[in-house]
Amino acid sequence: MRRREVAKRVFAYELLRSTHQIESEGLRYVLTPTGERVNRIFSVAVLLDKEEIGADTNNWRLRLADPTGTFFATVGKFQPEALETINEMNVPELVAIVGKPRVFEGVSRKLISIRPENIVAVDLSVRDYWVLETARRTLERIEAMEKREGEDVELAWTVYDPDLNEYRDMVKKALLTVKEDVEIMEKLEEPPREDEPEEEFDFEEFEFEEEEFDLTDLLED
Amino acid sequence: MSRAEKLTDQILERIKGKDVKVKREDILRRMKLLIEEFKVPESEAVRTIMNYLVREYGIPREELFDRDSPLVKIADISKVNQWVSLKAKVVQLWDSNSPNVSQVGLIGDETGIVKFVVWAKASQPEVEEGKSYIFRNVVTDSFQGRMQINVTRTSRIEEIDEDIQLPPREIEVVGSMVAIQQNSGLVKRCNECGRVLNKGVCHQHGKVEGYDDLRIKAVIDDGENVYEIILNEENIRELTGIGLEDALKIAHETLDRNAVLLELKNMLLGRYFRVKGLRGGRYLLVKEISVHKPKADDFNEILEALA
C-alpha cells in the first residue's frame, strides 16, 4: 500500500510564486521557492467568491485568501466531497481546505490552482493555529535554504533563487495579523482569578462567627 | 577483516564446540582461492567449503547445512555480530540515499522495534510495510550507537501468514483532521463478530441483521506525518455532542444514514486536534483527543526567532 502524502503548510504568498513541478514515482509535486515539495496542501483561508464555470455545470471556481495573498481553486465532479459542501456554502466564509496544487501554463505566465479534496467551514481559532503552524514550517524551510541542505533546497535555489528576507517579512506579517486576536481570545477565556472569591468567602465566614459568639441576647435575660 | 576471513569465521562458528579439529588456515586458503582468485559467488564458495568439511572431516551434513541461526526476540538483541533469525513485521520503510542499500526501515515483534538494512548486494526480494516475515540468518550490527539488523546474501526472507503484534508505543500529536475515510459515521456491525457490515453483509458471516454503532476512521496530519485514527462513540460524543442516539435521530429525520457522516465531517474536518494514543499497527489507538487552540506565547516565540 502506498503511503498517504502529507499535506504541506504553505502560505498563499509562497504558493503563488510556485511554478515548478516535479514528477516522481508517478506522483506530481509542486516545488515551492523555499524548497517544499508539495503533493497535497492544507490551508485555512477565507472563501471570497464562488463562481460556476458555465451555467449548470457544477464546476466551481473559488477565490480564497489567507493573510498573505489570494489564490484560486477549482471544484468539479472529481472532487465529490468538496462539491457537496461547496454547493451549500455561502460567501464569504472561513474555510479549511485540503487539496492538490497544480500548475497551469498560460500564454504569458504560469498559474497555480488547488483541486480541493474537501472544504469545510471552520472558526477563527483554526485559522490562528494554521497561521502559527505555517509560519513555523516556513521558517524551518527558510533556515534549511540558508544551510543549503538537501536536494529540493538546491533545486529551489536553481529554479527560484529566492530572496529569503522577503519570505521572512511575509511570515512576520502573517503572524502579526492574527497574534492580537489570539491574545484577546486568551484574555476572554482566562478563568476568573481564584484568590478573589476566596477572600470574599473568608470575610463572610468571619461575620458569621461574630454572630455566633454574640451573646448579648442571653445576657439581657 | 577481509570478506574471506569473515566467511571463514562464520563457517568455523557453525562447528564450534564439536569434537573436530579444523585448521582455520586451511579453510581461509580455500576461501581466498575461491572468492578472490576464481571470483566464485560467496554463497557458492561457502557451500563448496562446507561440502569439503563433510567429506574430509566427516562432520554430519545436518550440522553444517540447514542449520539456521536461532530464533530470537528483538528485545534480546544486544551484541553486535550475532547471527540470528527473527520473526517480525515491517513497521516502516523509508527512502535510502545510498545505492548500496536496497531497503531500509524498521521491523518489530511483540518485544521491540529495530532498524533493518537490506544491502543491495544481498539481492533479496523486497519486503512490504505491514507484512510479517521470518528473517533467517541476519546479522546484528550497530550504527551510530543503535542496534540494527543487516540482511545479507546469506540471509533468507520468508513471508508468513501471521500478523505479528507490535509493542504499543504511546505518542502525542497535534495535527489537522484532513480526511474522514469510508465506513465512518453511523455504521452497522455484525452481531457475531462486531465487524462493520458492507451493505448489510459481513465479510465473515454473510447477510446479517447487524446493530448500529457510531465510529470515525480519520487521518490526522501534522504537516510532517499522517496518522490514521479510529474514534469510537464516546470520543465522537465528547468532540461533537452527537452520540449514537442523536445519530439515529438525525438518520431518522432525514431518512438518510449518510446525513450523520456529513454532519460529523462539517464539525470535525479541518480542525486541529491533540491526540494521545498507542501506535500499534496501522492505526493510532486513541486514548485522548481534544480540540487544539493556539497560545499567544507561541506567536512570540516565532517572532523572536524572526527578529
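Buried area is the accessible area, taken with a 1.4 Å probe, that two parts lose on being put together, summed over both. The exercises below apply this term and a few others to a predicted model.

**Exercise 1. The extent of the interface**

Determine how many residues each chain gives to the contact between chain B and chain A, and how much area the two chains bury between them.

Solution.
Step 1. Count the residues on each side: chain A contributes 40 residues to the contact and chain B contributes 36 residues.
Step 2. State the area: about 3,300 Å² is buried between chain B and chain A, and 63% of it lies on carbon and sulfur atoms.
Step 3. Identify the leading contributors on chain B. B:Y272, B:F299 and B:L306 provide 21% of the area that chain B buries against chain A, more than any other three residues.

**Exercise 2. Polar links and the make-up of one side**

Find the number of salt bridges and of polar residue pairs between chain B and chain A, then describe the side of chain B that touches chain A.

Solution.
Step 1. Across the interface there are 3 salt bridges. In one salt bridge, B:E224 meets A:R137 with N and O 2.8 Å apart.
Step 2. Polar contact joins 10 residue pairs between the two chains, both residues being at pLDDT 80 or more.
Step 3. Locate the elements involved. In chain B, at least two residues each come from β2 (83–94), β8 (169–180), β12 (211–221), α7 (258–268) and α8 (296–306). The largest share of this side, 8 residues, belongs to α8(B).
Step 4. Sort this side by class: 17 residues are nonpolar, 11 are charged and 8 are polar.

**Exercise 3. Salt bridges within a chain**

For the pairs A:D152 with A:R37, A:E154 with A:R148, and B:D9 with B:R24, give the N to O distance and classify each residue as buried or partly exposed.

Solution.
Step 1. Begin with the total: over all chains, the count is 36 salt bridges.
Step 2. In the pair A:D152 and A:R37, the closest N and O atoms are 2.9 Å apart. A:D152 lies in helix α4 (residues 151–160) of chain A and A:R37 in strand β4 (residues 37–38), so this salt bridge ties together parts that are 115 residues apart in sequence. A:D152 has a relative accessibility of 18% and is therefore buried, since the cut-off for buried is under 20%. A:R37, at 22%, is partly exposed.
Step 3. The side chains of A:E154 and A:R148 come to 3.7 Å, N to O. A:E154 is partly exposed at 33%, and A:R148 is partly exposed at 45%.
Step 4. For B:D9 and B:R24 the distance is 2.8 Å, N to O. This pair links helix α1 (residues 3–14) and helix α2 (residues 24–37) of chain B, the two residues being 15 residues apart. B:D9 is partly exposed at 25%, and B:R24 is partly exposed at 30%.
Step 5. Salt bridges may also join into a network, as with A:K8, A:E14, A:E36 and A:R141.

**Exercise 4. The surroundings of one histidine**

Establish where B:H292 is placed, whether B:H292 is buried or exposed, and which residues B:H292 contacts beyond its neighbours within four places in sequence.

Solution.
Step 1. B:H292 is found in the loop between β15 (283–291) and α8 of chain B.
Step 2. With 11% relative accessibility, B:H292 is buried.
Step 3. Apart from those sequence neighbours, the contacts of B:H292 are B:V174, B:Y272, B:F273 and B:R274, together with A:Y129.

Methods
Residues numbered from 1 in each chain as written. Chains lettered and ligands numbered in written order. Predicted model: local features only at pLDDT ≥ 70, side-chain atom pairs only at ≥ 80, totals over all residues. Heavy atoms only, no water. Contact = heavy atoms within 4.5 Å. Salt bridge = Lys/Arg side-chain N within 4 Å of Asp/Glu carboxyl O. Polar contact = N/O pair within 3.5 Å; in protein donor to acceptor, adjacent residues only side chain to side chain. Helix = DSSP H or I, 4+ residues; strand = E, 2+ residues; numbered from the N terminus. Nonpolar A, V, L, I, M, F, W, Y, C, P; charged D, E, K, R; others polar. Buried < 20%, exposed > 50% of the residue type's maximum accessible area, 1.4 Å probe, protein only.
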